[in-house]
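Me: Please give me a close look at the aromatic rings in this model and what sits around them. I'd like one connected story rather than a list.

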Amino acid sequence: MEFRFKFSNGGGNVEKIYKVGSFNLHNIGIGAFTNERDLEKIATIIKNEGLDVIALQEVLSEGKIFTKEDLPSKITKKNLIAYLGGPEQWGFEWAFSGDESIRHEGYAFLWNKNRLRLSTAEVIRNGQKFERVYVPRMIKVNRQDMRRQPYFARFTPQGKPGGSSFEIRLLCVHTYFGDDKENARNIRQNELDVLLTDVYPQVEDWNFQNSLPRYTILLGDYNAELITEENKAAVSQRNAHRDRIPAKLKTDSKGCVYSNKYGVTIKTTQDQLTTLKTKMDDQHDDLFDERGYASNYDHFSYNEDTIGHVVANRPRRIDAVRKYYGDDFEGYFKKISDHIPIVMELKIN
């Protein structure tokens with residue numbers, strides 16, 4: 001786990017780096033206990049990269065890959081929570097995404113309990129005080145506009161109550177893909193428009209009992225590429241050699257969209273390639289130094305006016321294929337996922 005602190009001259013005002021991640025695990029389910037999916041390596045990536053909380057997409061089988069204990073004795077694999085260090089160290093929640101396909105796809109949140117905890121509120125009933133835990137949940141805002149509703153969680157720093165505090169709010173999303181035809185692209189684009197200009201501003205504005213400073217992030221697999229002033233030349237060159245052009249996020253050259261309804265600007269970041277090619281025989285790989293990468297579909301979005309000042313460094317991909325698989329893209333694709341994780345850092349007092 002990575003800890004970084006910055007002290008003021010008086011020895012107070014401690015700033016901590018909190019690492020927020022997102023990872024599409026490519027239809028991971030109960031079958032991962034018997035097939036070649038490398039659960040231990042997935043846990044190693046999460047731990048070694050020091051992720052404090054991670055939003056996961058394409059988690060099947062009610063999330064049993066993280067918690068199932070009643071496995072046949074012949075199966076030697078542990079569940080993912082065990083590989084991470086056990087339920088005392090890591091929290092986990094899963095929810096069905098609302099996708100009625102045969103996969104029964106869900107979302108999940110994992111968080112390091114030494115660093116973060118689920119937000120709570122004090123409730124008084126019949127004259128007695130109780131602590132209510134806000135369990136992550138699917139939200140129904142604009143549900144008619146999305147195949148999969150967002151999964152919402154609230155986290156606060158672990159530690160003694162009463163100290164300086166804040167809340168990290170995460171909206172985990174996985175937009176509709178379908179195929180690369182125009183109708184599917186239009187569905188996907190409509191979902192992204194609704195998420196960025198309607199759903200996100202509403203959730204960011206929600207007030208709860210604790211009234212803590214809040215930092216709200218939309219994150220996940222957008223199934224659309226972010227084109228900015230910085231990467232547009234490289235994207236144009238790459239697309240000139242492609243048979244199929246990926247869908248694009250509708251943003252300005254800085255990755256921003258403006259919500260007329262709520263009067264806020266939402267910035268989308270992370271423009272590095274994050275999905276893997278299904279075939280590793282592209283003759284143009286060396287030309288673009290992309291090796292086995294295909295598209296940049298995984299992103300973070302946030303209100304720069306309210307959260308921009310705490311974003312530390314540049315949100316980026318975790319180059320897990322190079323660091324953990326020696327640039328073996330085919331091996332990574334088979335044993336881990338067709339996506340690599342992404343991370344953003346928040347520097348908060």
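Reply: Let's start with a rule: a charge sits over a ring if NZ of Lys or CZ of Arg is within 6 Å of the ring centre and within 35 degrees of the ring normal. Arg-317 fits that rule, with its charged end over the ring of Tyr-293, 4.2 Å from the centre. Lys-41 does something like it with another ring, lying over the face of Tyr-325 at 4.4 Å from the ring centre.

Before going on, here's the small print. This is a predicted model, where local features need pLDDT of at least 70 and side-chain atom pairs count only at pLDDT 80 or more, while totals for chains, interfaces and linings use all residues. Residues are numbered from 1 along each chain as its sequence is written, and side-chain values use heavy atoms, with hydrogens and water left out.

Now for rings meeting rings. The structure has 13 aromatic pairs (rings of Phe, Tyr and Trp, the last by its six-membered ring, with centres within 6.5 Å; planes under 30 degrees apart are stacked, over 60 edge-to-face, the rest tilted). Take Phe-66 and Phe-92: their ring centres are 4.6 Å apart and their planes meet at 25°, so this pair counts as stacked. Phe-66 belongs to helix α2 (residues 64-67) and Phe-92 to strand β4 (residues 90-96), so the pair ties together parts 26 residues apart in sequence (helices, H or I with at least four residues, and strands, E with at least two, are DSSP runs numbered from the N terminus). Phe-66 and Phe-92 are both buried (under 20% relative accessible area; exposed is over 50% and partly exposed is in between, using a 1.4 Å probe and protein chains only).

Next comes a pair with the other kind of geometry, and it brings back the ring under Arg-317. Tyr-293 and Phe-329 sit edge-to-face, 5.0 Å from centre to centre with 90° between the planes. Tyr-293 is in the loop between α6 (285-288) and β15 (298-303), while Phe-329 is in helix α9 (residues 329-335), so this pair ties together parts 36 residues apart in sequence. Tyr-293 and Phe-329 are both buried as well.

If you carry on along the chain past α9, the loop between α9 and β17 (342-348) holds His-339. His-339 is buried, at a relative accessible area of 5%. Its C-alpha atom is 16 Å from that of Tyr-176, a residue 163 positions away along the chain.

Back to Phe-92 and its strand. β4 is mostly covered, with five of its seven residues buried. Seven bridges link β4 to strand β5 (residues 106-112), and the two run antiparallel (two strands pair if DSSP finds at least two bridges between them). One facing couple in this pairing is Trp-94 and Ala-108, the latter in β5. Ala-108 is buried, with a relative accessible area of 0%. Ala-108 and Phe-23 are 85 residues apart in sequence, yet their C-alpha atoms lie 9.9 Å apart in space.

What else do the rings build? Tyr-107, Phe-109, Trp-111, Tyr-151 and Phe-155 form one aromatic cluster. Tyr-107 is also one of the residues lining the largest cavity, together with others including Met-146, Arg-148, Val-173, His-174, Glu-191 and Leu-195 (a cavity is a set of points on a 1 Å grid over the protein atoms alone where a 1.4 Å probe fits but cannot get out; lining residues have an atom within 4 Å of a point). The structure holds one cavity of 30 Å³ or more, and the space inside the largest cavity is about 30 Å³ (points are joined across faces, edges and corners, and the volume is what probe spheres set on them fill). β11 (167-174) and α4 (182-205) each give at least two residues to that lining.

For contrast with β4, try strand β8 (residues 128-133). None of the six residues of β8 is buried, so this strand lies largely in the open. β8 runs antiparallel to strand β7 (residues 120-125), and six bridges join them. Ala-121, for instance, has Arg-132 in β8 as its bridge partner. β7 and β8 make a hairpin with two residues between them, and Asn-126 in the turn has a positive phi of about 50°.

His-26, in strand β2 (residues 15-28), also has a positive phi, about 55°, although it is not a glycine. At 24% relative accessibility, His-26 counts as partly exposed.

Notes: On a 1 Å grid over the protein atoms alone, a cavity is a set of points where a 1.4 Å probe fits but cannot get out, and a pocket is an open set with protein on both sides within 12 Å along at least five of seven lines; lining residues have an atom within 4 Å of a point.
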